[in-house]
Amino acid sequence: MAASVISARLDLLVRLFDTTTGASVDERSVYFMRNGIPVRPESRGVGIYVFINTGREDFLMQIKVYGYEDYEKRVIYEELDERLPVCNVFLMPSESTSLGRDILSFSGTLPFLKEIEAVNLNKSLCMMGNYTSRTQTMTVFHPSGGRLVLDEDYYGLLSEDRKSYERIEVEKMISPQSVKLKSPLQEEVVPNLPITRIVYGVADTDGNYLLKVNNNGPDTRYLVRYVVGEEVRFQEIDFNDQEDLQ
């Protein structure tokens with residue numbers, strides 16, 4: 001009698017992050033829908049869910065997590081790694097159930113807005129040391145000497161005048177002091193530039209936007225990056241003294 005073979009293929013790995021902190025979401029009340037139909041991926045640790053043998057057709061993923069705003073995203077497999085398709089999801093705390101946290105919101109409407117995100121101008125994760133364009137590797141260091149873990153894919157590399165930032169995508173950490181980027185840097189390379197976490201917001205098809213950050217004191221200045229049509233714009237926003245996007 002021939003032995004039967006049962007194979008399992010990882011079709012999607014979803015990681016849930018709190019966009020205001022960068023921490024994995026440890027809430028257990030998590031519900032997924034695939035094209036409007038409830039599904040139950042397997043939990044594989046804090047904030048990690050896997051879809052096994054579900055197929056790799058593009059679909060609309062909707063996620064509901066207690067304490068966070070509802071989230072939806074179209075999963076397009078062409079944009080994911082074929083060997084290990086990973087989807088990082090950044091959730092915004094809900095105002096109605098903010099879990100006892102002090103959250104500041106920035107919202108409004110701007111016609112033709114497509115994307116919105118921001119970086120904290122007063123808090124960086126680390127600094128860039130040297131960059132080697134041939135290998136797309138970058139040395140990084142923390143002024144206090146703390147241990148670095150850069151595992152969120154995208155980060156912001158602030159410009160020298162702090163009026164813009166380049167989005168950099170970390171492919172992997174080579175060592176505690178070195179990372180490999182997925183794409184070459186496009187802007188001028190200057191040593192000791194700050195590398196910051198990106199706080200992701202949402203923008204709908206009508207240009208309504210929402211961005212949330214933790215209230216960490218009186219100085220809450222962020223550099224907002226937003227895309228209007230095909231134009232990338234930057235604007236400094238103080239979350240305690242807000243003005244509309246221009």
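1. In which loop is the place of E57? E57 sits in the loop that runs from β5 (48-52) to β6 (59-65). The model is a predicted one, and the points below should be read with that in mind. E57 also belongs to a patch of negative charge on the surface, where it gathers with D58, E78 and E79.

2. Strand β6, which follows that loop, is largely enclosed by the rest of the structure, because five of its seven residues are buried. Buried here stands for a relative accessible area under 20%.

3. Two pairings of β6 can be described. With strand β2 (residues 30-34), β6 pairs in the antiparallel sense over five bridges; within this pairing, R34 has M61 of β6 as its bridge partner. With strand β7 (residues 71-75), β6 is again antiparallel, and five bridges join the two. In that second pairing I63 stands opposite Y71 of β7. Strands of a sheet pair through backbone hydrogen bonds, in either the parallel or the antiparallel sense.

4. The connection from β6 to β7 is a hairpin with five residues between the strands. G67 in this hairpin takes a positive phi near 90°.

5. A second set of strands forms an open sheet of four, in the order β4-β5-β1-β8, with mixed pairing. β4 (42-43) and β8 (86-91) are at the edges; each has a single partner strand, so one side of each is left without a neighbour in the sheet. β4 and β5 run antiparallel and are joined by two bridges. In this pairing E42 is opposite V50 of β5.

6. E42 also takes part in a salt bridge, with R44 as the partner and 2.6 Å between the closest N and O atoms. Are the two residues buried or partly exposed? E42 counts as partly exposed at 39% relative accessibility, and R44 is partly exposed as well, at 49%. Both values lie between the limits of 20% and 50%, which is why neither residue is classed as buried or exposed.

7. How many salt bridges does a search of the whole structure find? The search finds eleven. Side chains of opposite charge can pair when their charged atoms come close. One of the eleven is R9 with D11, where the closest N and O atoms are 2.7 Å apart. The two partners fall into separate accessibility classes: R9 is partly exposed, with a relative accessible area of 43%, whereas D11 counts as buried at 1%.

8. E115 and R225 meet through their side chains in another salt bridge, at 3.7 Å from N to O. The pair links distant parts of the chain, with E115 in strand β10 (residues 113-120) and R225 in strand β20 (residues 221-228), 110 residues apart. E115 is partly exposed, with a relative accessible area of 40%, while R225 is buried at 13%. Elsewhere, salt bridges that share partners join R9, D11 and R56 into one network.

9. S7 lies in the segment before β1 (10-18). S7 is exposed, with a relative accessible area of 59%. Although S7 and N53 are 46 residues apart in sequence, their C-alpha atoms are 8.7 Å apart in space.

10. Further along the chain, strand β13 (residues 154-158) and strand β14 (residues 165-175) run antiparallel and are joined by five bridges. G156 stands opposite R167 of β14. The two strands form a hairpin with six residues between them, and R162 in the turn has a positive phi of about 60°.

11. β14 has a further pairing, with strand β15 (residues 178-181): the two run antiparallel and four bridges join them. Here S175 has S178 of β15 as its bridge partner. How many residues does the hairpin from β14 to β15 pass through? The hairpin joins these strands through two residues.

Definitions and conventions:
Residues are numbered from 1 along each chain as its sequence is written. This is a predicted model: local features need pLDDT of at least 70, side-chain atom pairs count only at pLDDT 80 or more; totals for chains, interfaces and linings use all residues. Side-chain values use heavy atoms; hydrogens and water are left out. Patches are made of residues with over 30% relative accessible area and no salt bridge: like charges are joined within 9 Å, nonpolar side chains (Val, Leu, Ile, Met, Phe, Trp, Tyr) within 5 Å. Accessible areas come from the Shrake-Rupley method with a 1.4 Å probe; for residues, only the protein chains shown count as cover. A salt bridge is a side-chain nitrogen of Lys or Arg within 4 Å of a carboxyl oxygen of Asp or Glu. Lys and Arg count as positive and Asp and Glu as negative; His and the chain ends are not counted. The place of a charge is taken as NZ of Lys, CZ of Arg, CG of Asp or CD of Glu. Buried means under 20% relative accessible area, exposed over 50%, partly exposed in between (1.4 Å probe, protein chains only). Two strands pair if DSSP finds at least two bridges between them.
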